[in-house]
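Let's take a walk through the strands and helices of this one. Have a look at the sequence and the model first.

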Amino acid sequence: MVDRSGTPMVELRDISIAFGGIKAVDHVSVDLYPGEVVGLLGHNGAGKSTLIKCLSGAYRKDSGQILIDGQEVEINNPRDARAYNIETIYQTLALADNLDAAANLFLGREIVTGLGFVDDARMEAETRKIMGRLNPNFRKFKAPVSALSGGQRQSVAIARAVYFNARVLIMDEPTAALGPQETQMVADLIKELKKQGLGIFLIDHDVHAVKRLCDRAAVMKNGELVGVVKVDEVTEDDILAMIILGKKPEHLAA
Amino acid sequence: MSDIARPAVQPRRRSVIDSLEIDTRLLGMIAAFVVICLAFNVMTEGRFLSPRNIFNLSIQTVSVAIMATGMVFVIVTRHIDLSVGALLATCSAFMAMTQKVWLPDLGFDLGSPLIAPIAILVGLAVGTLIGAVQGWLVGYLTIPAFIVTLGGLLIWRNVAWYVTGGQTIGPLDETFQLFGGINGTLGAAISWGLGILAAAAAIWALFSSRRAKVAHEFPVKPLWAEGVLAVVYAACILGFVAIVNAYEVPAARLRRMFEARGETMPEGYTEGYGLPISVLLLILLAVVMTVIARKTRLGRYIFATGGNPDSAELSGINTRLLTVKVFAMMGFLCGLSAVVASARLTNHANDIGTLDELRVIAAAVIGGTALSGGIGTIFGAILGALIMQSLQSGMAMVGVDAPFQNIVVGLVLVEAVLLDIAYRMPAIRPKVVLVHLILLPVLVWFFAGWTYVAVAVVISAGLALLLRRKGML
């Protein structure tokens, strides 16, 4: 069981962000403890991705606080987030299609030789190592990632997030483009990372997956937080009701 | 992460080209270049590939080629720079004014050895600064590069005019003129020395990269393939040196040089020009830019940003600052190119660099740089510049009318991109074939008149039928 007695490793407090007149995220608070998987659920446009992009540095929040280990921090760009060991697997994967797997994996954090040149050979060797663990069938180390299948691209994106000793992992629909086998692979990976003590935000549409993989589920609707529930205490129908109706089931609301 | 990497699987090799791991696209470009050269050589009865013409071709290409290497980075990051010709003029104007007016006004003698270096520094600084400002407007103020540099084209062309008052300024400093080409060559002995050094360096690079691959247990090409490549590289480098050395300094000029030193020229004495300093500059630049593109973080970020700007930003790359750097580099290279261009002409004229922006963009694009971003090579851009210059001077030698020269260059530009698209997208190939089958009679009419059009139409139609039956059309 997850120990929630200490300070949360990540706490999003009262986050708001608006685009034009539309409040994409409206005073939402969520927290995350070590070794915990928190699912973020909601319809398309509910504000899940937007909320999480405030943490990953892709967007800047309009108001609210982000706390890491109880300390308030400013995350103004993806570099800041990476400095706090927050890694993100974006829904779009965010790969540079014209570069190969190794170049993508180390993008922004290249291994360099003593003279300051990028060390392609070492980066490829490291890529081969981690891919051997994540996706042993992966062979196309020389090809640009545009030549890879959806599953292979996904595994490159996952490898990039996992390689750099993440503490907090944000996964935005990591299985959307995957087949059943690869989906299982991601599920196994999440369990393993959880065991290692990482905190994971998992954005997913699949209520079954959330029920199976997550400890808590935060449901959003129209930019507002409907509620955060422990998945063991609710049924799938309860969660679905929260997503669709936008309010907590009565037996929990009390 | 304790797992051991699986032993790399050696993929099955088929053809010689596979074994050599040569980019087939690049090979196609080199082949096209060779065909152009050989065709002109036949048409000019051997004058096109004479040492004299090859020497001239190489020094005429340098100015555009220098800027084309920078344009590769600009286009790869999905921008464009229309101001390079005008910026070259501004840099050239500042350098000319520095050496002929401003420094002498400060009390420097006209022959002072400090004049050339100071003037060059001024030119490079002006170019870099203007480039950086344009990059800042594009990157941080998010004005499209097309607009910023279109404005720049008008501004810098006329800043150059204003600075010099529209006058031609020259003759430029003698040391400065060494960068122009014919007035600054290294002579046969030094050229051979540099050639041998370069060949050795190329072979060393080849085998050290092989060693690195072996050390990580990556697949390597067969040893004979490395050997073949090593021989080809060495032959190209030394062959070029042999050619520029074979272009001999005219006897009259040699005699004057001896007289200037107070000696008399021995009977039957000859001397080759050797490698022009400007060409050496271009070669060094090509190496540096290729290293930047392939081996530095900056180059990696340039290509990543071109491939997917959003993901580059999400990967923590400061794409705005990167834009400034890329445009600043472009500006620096405009300054460098201005040194070569004005030194070659031995003076600064008001129209220097006019239309160069189009030549530079065309060279980069013919060399395989994709305007959609993310793809391009330095070597390709230089080859593109060479192809354009060869076409231009070849047609001039053959006696093609001036308007047709530009028409042909324009057609080649479009054709190069068309072939490139056909190479990348198989689905479009039938249409490309069709376009060429339609164009064939038109070209025949153009060059051979109405008499042969019927023949060409029959050939085209026959080919079309044949390809249709084979399912390729």
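Which residue in β10(A) is the bridge partner of Arg216(A)? Lys230(A) takes that role. Keep in mind that this is a predicted model. The two strands involved, β9 (residues 216-221) of chain A and β10(A), pair in the antiparallel sense over six bridges.

That pair belongs to an open sheet of six strands in chain A, ordered β6-β7-β8-β3-β9-β10, with mixed pairing. At its edges stand β6 (86-89) and β10 (224-230) of chain A; each has a single partner strand, so one side of each is left without a neighbour in the sheet. Direction ignored, neighbouring strands here are turned by 15° against each other on average.

Chain A also has an open sheet of four strands, running β2-β1-β4-β5, and here the pairing is antiparallel. Its edges are β2 (22-32) and β5 (71-73) of chain A, each with just a single partner strand, so one side of each lacks a neighbour in the sheet. From one strand to the next, the twist averages 30°. Within this sheet, β1 (residues 10-19) and β4 (residues 63-68) of chain A pair over five bridges, and Val10(A) stands opposite Ile68(A) in β4(A).

Now for the helices that go with these strands:

| Helix (chain A) | Strands (chain A) | Angle |
|---|---|---|
| α1 (residues 48-56) | lies across β1, β2 and β4 | about 115° to β1(A) |
| α5 (residues 150-163) | lies across β6 and β7 (168-172) | about 175° to β6(A) |
| α6 (residues 180-195) | touches β3 (37-41), β7 and β8 (199-203) | about 150° with β8(A) |

Definitions and conventions: Residues are numbered from 1 along each chain as its sequence is written. Chains are lettered from A and ligands numbered from 1 in the order in which they are written. This is a predicted model: local features need pLDDT of at least 70, side-chain atom pairs count only at pLDDT 80 or more; totals for chains, interfaces and linings use all residues. Two strands pair if DSSP finds at least two bridges between them. Axes are lines fitted to C-alpha atoms, for helices over the stretch in contact, and angles run from 0 to 180 degrees between N-to-C directions. Two residues are in contact if their C-beta atoms, placed from the backbone, lie within 7 Å.
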